[in-house]
Amino acid sequence: MTSNEPGIPLAFHGCIIHALSANRLEILENSLLIVARNGTIQSLTKDVDRRRVNDLVVEAGYTPDVVRYLSRGQFLIPGFVDTHHHAPQWAQRGICRNESLLDWMEKVTFAHESKFEDAAYARRMYTACVLGGLKQGVTTASYYGSRHGEASRILADICLEHGQRALVGKCNMNRNAPSWYCDPSPAESIRETKDLIAHVRQIDPESRLVTPILTPRFAISCDHELLTGLGEIAKQNPDLPIQTHFNEAEPEMQLTRKLYPQFRNEAELYEHFGLLGPRSILAHCIFLDEEEMQRVKTLGCGVAHCPIATATMGEFMMAPIREYLRRGIKVGLGTDVGGGFSSSLLDAMRQAFIISKARETLTQGRDPSLTLHEGFFLATLGGAQVCGLDDKIGNFAVGKEFDALEIHIIDPENPGGSLGVITPIEDEDSTEVIFEKFLMTGDDRNIAKVYVRGRLVKTG
């Protein structure tokens, strides 16, 4: 049975934690959450005495045996959303940390991504990537594929097969890469993009799990004809999401200005081609000027903040995330595999916190550091907003689809010990302290079960 088929109902009684906004976290103890057969959240009732659970479940139309009781050290959180992930870079994480961005791409990335011309290799590596993400609680990912149409279709198939919610894009790039790793022509790049869109709509007509996404790699990777063609696809498909790298590094920005001197900045460039709007996911956004920030806000674009990659690729760069949040710009977290050496959203949260502390020092306190709860928001509801999916996922609002992680801290075979190397729970720890210990010291060993659309897609 695939994950997009109707499932059995679920009910959970215990601690449920989710974000309502960047500044509002709910820690709901002794609450009852009921998931309907179609995978949506039917009800969330606070402060339910355990003796009332069966009656409420029966009233909802189900039998008491669907209830799972969460004990101390167990809780539910929404699934993690990775807003920026290069799926074909799964096997090159952690390589060449000391290279600048453009040198790293030239020496490592293009050669590695070219392997995905081999369909068998693509299937093997993309399966490892998707399963690795689910293991770490990534229920939704926005994926850049390689430049290959067939491999990108395979990635979409694998996401659907294993039940991961995903935006999947064929990477458009017809210049500023080696001749053996460029789209042969703008027309061929557009054709393969349209083929991917048609394929995804065929295998998942209602976009229950997989959605195609337009993916111009950089402005420097796409000539005028290619960007024009992608803009025409966007115009014809107004609900189609778009993703690209945006003001990531000074050399990239300088080359963009050289190639497109008619535009004042990247915001004006992408807006001219019809690729900037509420469905746009802009990766990095390190150096936005005032005009660009205003356009990003006005047009409703989202920022994919990738703190691990920006802190370890070449120069240490710090996106002004506090300023974006202050302005009401949508922000989520991305791992940026493989510019980011870790595929863990927990690691991305922690690095976002560290970078924000550095920026607080740099700005002499004008940009206060992110709180831990804000980091959690960025990894869940914030990411859903960036991906245009916050009407479906991101928290446990009634009517949304049940994408969730069941977190276990205590080892069931050793009640006095913890699973993995997480900070041990002590008798005096409040639920908030336990939650903080998970965010700061937990790992995939504490993610006991992963649900997407109410279906169990990972256990153990």
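## Helix 9 and the sheet beside it

At the start of helix 9, the backbone nitrogen of glutamate 291 has a side-chain oxygen of aspartate 289 within 3.2 Å; a polar contact here is a pair of N or O atoms within 3.5 Å, one able to donate a hydrogen and the other to accept it, and residues adjacent in sequence count only if both atoms are side-chain atoms. This is a predicted model, where local features need pLDDT of at least 70 and side-chain atom pairs count only at pLDDT 80 or more, while totals for chains, interfaces and linings use all residues. Numbering runs from 1 along each chain as its sequence is written, and side-chain values use heavy atoms, with hydrogens and water left out.

Helices (H or I, at least four residues) and strands (E, at least two) are DSSP runs, numbered from the N terminus. Which residues of helix 9 are buried (under 20% relative accessible area, 1.4 Å probe, protein chains only)? They are Glu292, Met293, Val296 and Leu299. Down the helix 9 axis they fall within an arc of 145° (taken from the directions from the axis to the C-beta atoms), so they line one face of the helix. They pack against strand 12, helix 8, strand 13 and helix 11 (contact means heavy atoms within 4.5 Å). Glycine 300, with a positive phi near 80°, follows helix 9.

Now the sheet: 4 strands, open, in the order 12-13-14-15, with parallel pairing (two strands pair if DSSP finds at least two bridges between them). Its edge strands each pair on one side only:

| Edge strand | Residues |
|---|---|
| strand 12 | 242-246 |
| strand 15 | 330-333 |

Strands 13 and 14 pair over 3 bridges, and isoleucine 281 has glycine 302 in strand 14 as its bridge partner.

Notes
Buried means under 20% relative accessible area, exposed over 50%, partly exposed in between (1.4 Å probe, protein chains only).
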